[in-house]
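Thank you all for coming; today I would like to walk you slowly through one structure, beginning with contacts between charged side chains and ending with the empty space inside. Please have a look at it before I go on.

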Amino acid sequence: MRNEFFKRYGFRILIIIFFLLPFVWMGTKRTLMSNSNNVADWLPNSFVETQQYQWFLKNFPFERFVVVSWQGCTMDDSRLEMFAQQLVPGQTIDNVGQWADEHIKAELVLESEKPAPQEPQNKSVIENVAPKPAAPPESLKTNEPVESEKQPESLNYFKSVITGPRLFRLLKDRYSGSGIGGIRLNEEQIRNKLRGTLIGPDDQNSALIVTLTKEAPQGKDLSKVLEAIRDIGRDCGVQAPKKEDNRPIYQKIAEGVVTTIKEIIYGRHPDMTGVIIGGPPVDNVAITYEGEHTLRRLAGICGIIGLCLAWLCFRDFRLTFFVFWIAIISAGVALASVSLTRGTCDAILLSMPALVYVLAMSGAIHLINYYHDAIREHGLDMAPERAVKHAWSPCFFANFTTALGLFSLYTSHLVPITKFGFYSALGVILQLILLFYYLPTLLYFYPSHRVASEQTLHVKYDSAMQKMWRIWGGFVIRHNIVISLICIVLMIFAGYGMYQIKTSVKMMRFFSADSEIIHHYTWLEEHLGPLVPMEIVIKFDNEQCKFSTLDKLRLIEDIDNELRKELAEDIGGVISAETMMPIIPRFEGTRKSARQIAIERAANAMLEKGRNEMRDYVTVESERSLSYDDPRFQQTISELGITSVDAARLVRVGITDLKKLVNYSLDNEVIGISPEEMQTFHEKAVQWEKNHGYDLWRISIRVWSLKKDIDYAMFIQDVKDVVDPIIIKMAERYFPHQVSVRESEHSGLGFTDKPIEAIYTGMVPVVYKTQHELLTGLRDSFITSFLMIAITMGFILRNPLAGLCAMIPNLFPVIVVFGFMGQFGILVDVGTMMTASVALGISVDDTIHFLTWFRDGIDQGMTQRNATMYAYSRCATSMFQTTMIAGLGLSAFALSTFTPTQMFGIMMLAILTMAMLGDLIFLAALINTPIGRVFRPRVKK
């Protein structure tokens, strides 16, 4: 730093910071507004589990559902039908089957996107053939459904709704015994099909399953959908009316503060008298809410704790305000960097500003202590410049190693953790600008005259803290060998526990026991059944499998029945095409009578006709392009039985692949293609699907989230142990030899060429993979952090061996804390995982400061003992202060209702405390053993 730097440039620095503050504020606001959460998006797209889940959503795009119920919601509750008609006007209990058939056809048409025409003159053609949403036919408007009073923007939120009474009525009417083959379902059979999904275990409780449209809000705006459901609940008398609050703003703030204090002391007591909801959208909204609730409620407490501790350190309101102001701006810059780099926020990233805040406060305290030492040595003249000169090396490398520890989290495959690591590291580096330029400028304009008047060199040796450090240091130095051995033995003992570490990312573990979502899920699981979805897709290769629809349905029936039988304790309902289909009698023996054959043919024809009604659970994957540029173009038109000219004509009017041709509405007129030709093309495409496509049959099972603690790894294997033998048995019967007609078109997704196979996806496999990656990320990020920091320490100490030895005390806190977690069975979650690498980087900060002063004492000709006491006198107080501020400041998050944030706060306090003890005990003892010689600086020639 040049002479009189802050005298020359201080005012300019203040002006620049002043004009940048609005941009920091706007960036921070934009980052917080972007907060949204979806556990399904935590894994990167490169993972097979992610690709399979996206493939599943592509073929069964109705995964977003909300389960709605309330206390007293039974099969004979009239409010159930009223609620359903408010959600989807026009759909009633009398026309639910016809409504579903009409709207599924319309949905199939709308699934195909409208491509831009290849030639401008074809615009009118495209407009003529573009499918349009079908309005509810007049025939569906029966029973005078309740008119909806929803706001216009919420009309497109809900695609369909099904209730227990509706589905019960539909199945009862459809299979009354008067249909094909006299197939009949009695009431007990229907209840067995619906029990655990829409009918509770007592056969009385019921619910609505609301399917959301593709146009419904996503991300942070998903809360609008849930609020729309609650508004309808108020119209139906289920939810209590809203109360207008016209009180002055100061009264609202005061009540909010009192409520927060009561919640921290006594916990929360959610109101269970209104609508009770569950499902994946509810989970994601709850994570967003709890993360923001924690930030609003505890960020202030974290700031107040840091502010009070800073005042206790300095007993000077001016310096306390400087430290607080630098920390606030640093946290704001870190948050603003997210939106400025076009990133988005999530609940995990909301812990980042508090971390940057306490680290900035710690750095500011170190710099102010250097500033006061500079004043005591040479007075106020150029004290900020001298302070920066002395602080540059230890503070820069301390922040740099912290950033390395944080950036090592970028090696994780979990998206929220990589974002946390990257932006936290960026925030730590950016705060150096404020630390070395802005804070010294403030100290220049508002100097510490009181310290200058003390006329004392270096430190007050008669202070209570210095007396404590002399006693402490003397004891550690006298017993250096014994203390070093005790610490090493403790590390070895705790190290065994690290092999027993278990991880968890189960959704419900993210929330405290008094949160609303826990109360809602507890009620829903008790009165209806489990809600966590796992999906099994049975994939038939139609080119190899010449099975009828009836044969496929019977395989699904066998799987469903076996799952209900073998996994009755782990799952609730099983939903598939079998749920919507009757029990078709099976005839044993190789020879069947003419009547039996007729019944099976009639049943198969009925199933073929009703495939559209089972669109949510049965579909065909047939994505073959009709474009000439496609490598399989010739094969496609050959199998389809059309010419290349016909294919070009279809492409010209916007039908670019077989899926669009199959789903195309024949009611639309196409210029250049006659209706008869379109009918022929359509029939050929449907026949191609039967002969060459992939028949996908979905089985959706629901897993307990609260009622029973299920190990997802074992559960997935249990499901495979039930399903795979059934598929193998059928494959061995019809395909006794290994058949592989062609290379799998989906080999990148982990699929095979088998005629029949099962794909396991949904939230359970995704969460399990996330859980596995959590442990892998913990290991990889910690190893990466250790290596990077060790290399940096070797560079700082100008001795690679010294760098490795200096890392031993820094491993001490991580191994001890995580080792005891493993031994006592404390689960590692997302928040806990981040602390290992973070704490390793932070603990090195104190090591750098301590070794810097130790080596400075050696340079002055001191012995190892005296140099250690000198290091105690110069930086032990600052180390203690910064640990208190960082640890106690972050410990405020232990009061969080969001478990990852809560564990992050607890772990940071524990590890930072152990890190301070590791430096002031283990490191101090180690450098006074023969090993300490490696820390001595090389003799200057």
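Let me begin with arginine 166 and glutamate 81, whose side chains meet in a salt bridge with 2.9 Å from N to O. Arginine 166 belongs to helix α6 (residues 164-174) and glutamate 81 to helix α3 (residues 78-87), so this pair ties together parts that lie 85 residues apart in sequence. Please keep in mind that this is a predicted model. Arginine 166 is buried, its relative accessible area being 0%, and glutamate 81 is buried as well, at 18%, where buried means under 20%.

A second pair is aspartate 231 and arginine 234, whose closest N and O atoms are 2.6 Å apart. These two residues sit 3 residues apart in helix α8 (residues 223-235), which separates them by about one helical turn. Aspartate 231 is partly exposed, with a relative accessible area of 32%, and arginine 234 also counts as partly exposed, at 22%.

In total, the structure holds 20 salt bridges.

Now to the empty space: how many cavities of 30 Å³ or more does a search of the whole structure find? The search finds 5, and the largest of these cavities has a volume of about 230 Å³. Its lining consists of 21 residues, with Leu359, Ser362, Ile842, Asp845 and Thr882 lying nearest the centre. Helix α29 gives the largest share of that lining, 5 residues, and the lining as a whole divides into 9 nonpolar, 10 polar and 2 charged residues.

Methods. Residues numbered from 1 in each chain as written. Predicted model: local features only at pLDDT ≥ 70, side-chain atom pairs only at ≥ 80, totals over all residues. Heavy atoms only, no water. 1 Å grid on protein atoms, 1.4 Å probe; cavity = no way out; pocket = protein on both sides within 12 Å on 5 of 7 lines; lining within 4 Å. Points joined across faces, edges and corners; volume = space filled by probe spheres on them. Helix = DSSP H or I, 4+ residues; strand = E, 2+ residues; numbered from the N terminus. Nonpolar A, V, L, I, M, F, W, Y, C, P; charged D, E, K, R; others polar. Salt bridge = Lys/Arg side-chain N within 4 Å of Asp/Glu carboxyl O. Buried < 20%, exposed > 50% of the residue type's maximum accessible area, 1.4 Å probe, protein only.
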